[in-house]
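This briefing is meant to be read beside the sequence and the structure. It moves by topic from charged pairs to a strand and its neighbours, and then to cysteines and the surface.

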Amino acid sequence: MNKIDFVNSTTNIKIAEFVSISVTPINTSVNTASVVTLNISSSYRQETVTISIATGSQSVTFEGLGGLLSLSEYHRDLQSSSNDTSVSLDGISPTEYNNFTGALTGIALVLNYNVKGSPLTIWRGFYDQNGELMTYVDGHGDTRQLIQRFAGVITSFTITENQDPKNKYYSVVLNCSSIKTVLSNNVSGRRTNHDDFQNQTVGKMYQDGMGNWHLGTTSTTSTVYDTSMDNVAPLNNAYFDFGLKP
Amino acid sequence: MTITTTALQTIINHAETISIDRRRSIGIQYTKSEIANVTEIITRLPWQFKVKTSAYFDYADPATRRLLEQLDYMDRRYPETVSFANNSNLSYFFAYQGDMTALQQAAVTVTSFAGTTLTIGNVEGLISGQYVVRQGDFLQIQGFPYPFTAVSDVEYTGASSYTITTHRPNFMAVSNGYTNQHINFGNAVQFKMLCSNTPTYSFVTAYNTAAIVFDSEFQLYEYTGPVTTNINEVVTGGSGGIL
């Protein structure tokens with residue numbers, strides 16, 4: 001879909017934002033922990049929609065938080081660009097919402113789960129005059145309801161609690177960076193230090209049949225760690241008198 | 001222990017003015033050619049009343065003591081179900097404008113309710129040209145605390161099933177069991193309201209008693225959370241269903 005047909009010929013639109021966050025419990029090995037996905041929206045009701053994933057499509061139910069979920073502004077550019085945004089979850093205590101729907105959010109989310117670094121996706125849904133989520137047919141001929149607006153990771157979070165007895169207020173803000181920012185910060189290749197040269201992935205070398213050494217590993221040749229940087233640390237800050245007899 | 005209260009009902013029955021806020025969450029942006037682009041965040045559109053009561057309540061009157069105690073008990077914690085039908089001075093409020101008799105209204109049932117389209121059945125006994133509901137008529141599915149209004153006239157045509165467009169979309173799940181339920185029309189609807197400010201009150205001395213004056217108007221806000229068996233309860237945990 002090159003344009004959003006829902007808003008193409010109208011000056012009156014009804015919208016809701018849909019957010020999906022995948023987190024793992026704290027104190028659990030990342031490799032073994034089961035990923036928990038939190039699907040929430042600013043809709044007035046629970047919505048079950050079909051979203052696109054890498055392997056096809058998936059039916060997902062979003063809990064409607066209404067005004068308790070809000071998003072900051074984020075830019076939309078014609079070209080792929082790096083922008084940040086934030087997701088605010090207001091007025092939800094740790095226990096109330098857990099008991100409510102079985103989902104997790106608010107303070108419980110950020111205290112009990114590895115939130116920083118977790119992937120987050122934001123979609124926008126459009127409603128018709130009857131309050132029903134509108135659908136469209138994507139380029140693959142599949143029926144979809146949501147338009148993706150943002151994909152990134154959570155870089156930090158902020159908890160705000162106002163314990164004034166007459167005006168209690170809880171707010172959790174998740175600050176997110178675009179996936180493009182994350183990718184541009186990725187380190188490619190290896191740095192010229194001892195640790196990187198001993199790294200199991202990038203620091204290993206193998207010898208080919210001609211006796212030449214190459215970076216990486218193969219299953220058929222013996223491998224060794226690159227020793228090129230082994231003397232860097234001992235030589236660091238050492239003094240040399242180049243006029244002295246050895 | 002849950003106490004059944006009638007405090008907000010008493011306040012409404014003694015209302016001097018009632019203002020109603022049904023405004024939606026809307027943003028308007030004007031283009032360079034001054035075309036208004038309207039964006040609406042679709043919500044449950046809770047009913048909001050502001051009620052200003054008459055000036056004085058006699059503290060020596062046990063009814064006033066009961067009122068104060070119930071208000072202090074409820075505070076901003078619990079909602080109360082209020083009606084505009086139990087006070088003859090307010091019976092014109094939200095009165096049904098259609099042509100069905102009470103008996104005919106009692107027979108009507110819900111067939112389906114998707115978005116803002118409420119389909120009702122068992123509409124019988126009217127004459128063609130009479131109205132099932134008129135624009136602005138109030139409707140409430142029995143057993144559920146959410147009043148809706150009809151946004152347009154629905155004329156009787158001889159059929160037994162009709163669709164009514166409501167002012168806000170349905171946020172109840174079918175599993176909540178509204179299908180085949182009967183409907184309250186007009187001022188038979190009830191509002192489950194929280195008082196979001198619960199005013200403090202002052203004693204003004206009078207001979208052998210004191211007059212009670214509330215320090216501000218009452219701001220009532222409709223509870224649109226999950227339904228429980230206790231219509232006065234606010235769900236804060238457990239299997240409440242939809243939020």
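A network of salt bridges links A:Lys14, B:Arg24 and B:Glu40. The model is a predicted one, and a search of the whole structure finds 8 salt bridges over all chains.

**Salt bridges**

- In chain A, A:Arg124 and A:Glu17 form a salt bridge in which the closest N and O atoms are 2.5 Å apart. This pair links distant parts of the chain, since A:Arg124 belongs to strand β7 (residues 119-127) and A:Glu17 to strand β1 (residues 12-23), 107 residues apart. Both A:Arg124 and A:Glu17 are buried.
- In chain B, the side chains of B:Asp153 and B:Arg134 meet in a salt bridge with an N to O distance of 3.4 Å. B:Asp153 lies in the loop between β11 (148-149) and β12 (154-155) and B:Arg134 in the loop between β9 (131-133) and β10 (138-141), so the salt bridge ties together parts of chain B that are 19 residues apart in sequence. B:Asp153 counts as partly exposed because its relative accessibility is 37%, and B:Arg134 is partly exposed with a relative accessible area of 29%.
- A salt bridge also joins the side chains of B:Asp75 and B:Arg76, at 3.4 Å from N to O. B:Asp75, at 32% relative accessibility, counts as partly exposed, and B:Arg76 is likewise partly exposed, with a relative accessible area of 37%.

**Strand β18 of chain B and its partners**

- Side chains alternate along strand β18 (residues 218-222) of chain B: B:Phe218, B:Leu220 and B:Glu222 point to one face and are buried, whereas B:Gln219 and B:Tyr221 point to the other face and are not buried.
- Strand β4 (residues 48-53) of chain B pairs with β18(B) in the antiparallel sense over 4 bridges, and within this strand β18(B) it is B:Gln219 that serves as the bridge partner of B:Lys50.
- Strand β15 (residues 190-195) of chain B also runs antiparallel to β18(B), to which 3 bridges join it, and B:Met193 stands opposite B:Glu222 in β18(B).

**Cysteines**

- With a cut-off of 2.5 Å between cysteine sulfur atoms, the count comes to 0 disulfides over all chains.
- A:Cys176 counts as buried because its relative accessibility is 1%, and B:Cys195 counts as buried at 2% relative accessibility.

**Nonpolar surface**

- A:Leu235, A:Phe240 and A:Phe242 make a nonpolar surface patch of about 410 Å².
- Within this patch, A:Leu235 lies in helix α5 (residues 232-235) of chain A, and A:Leu235 counts as partly exposed because its relative accessibility is 48%.

Key. Residues numbered from 1 in each chain as written. Chains lettered and ligands numbered in written order. Predicted model: local features only at pLDDT ≥ 70, side-chain atom pairs only at ≥ 80, totals over all residues. Heavy atoms only, no water. Patch = residues over 30% accessible without salt bridge, like charges linked within 9 Å, V, L, I, M, F, W, Y side chains within 5 Å. Areas by Shrake-Rupley, 256 points an atom, 1.4 Å probe, with all protein chains shown as cover. Salt bridge = Lys/Arg side-chain N within 4 Å of Asp/Glu carboxyl O. Helix = DSSP H or I, 4+ residues; strand = E, 2+ residues; numbered from the N terminus. Buried < 20%, exposed > 50% of the residue type's maximum accessible area, 1.4 Å probe, protein only. Pairing = 2+ DSSP bridges.
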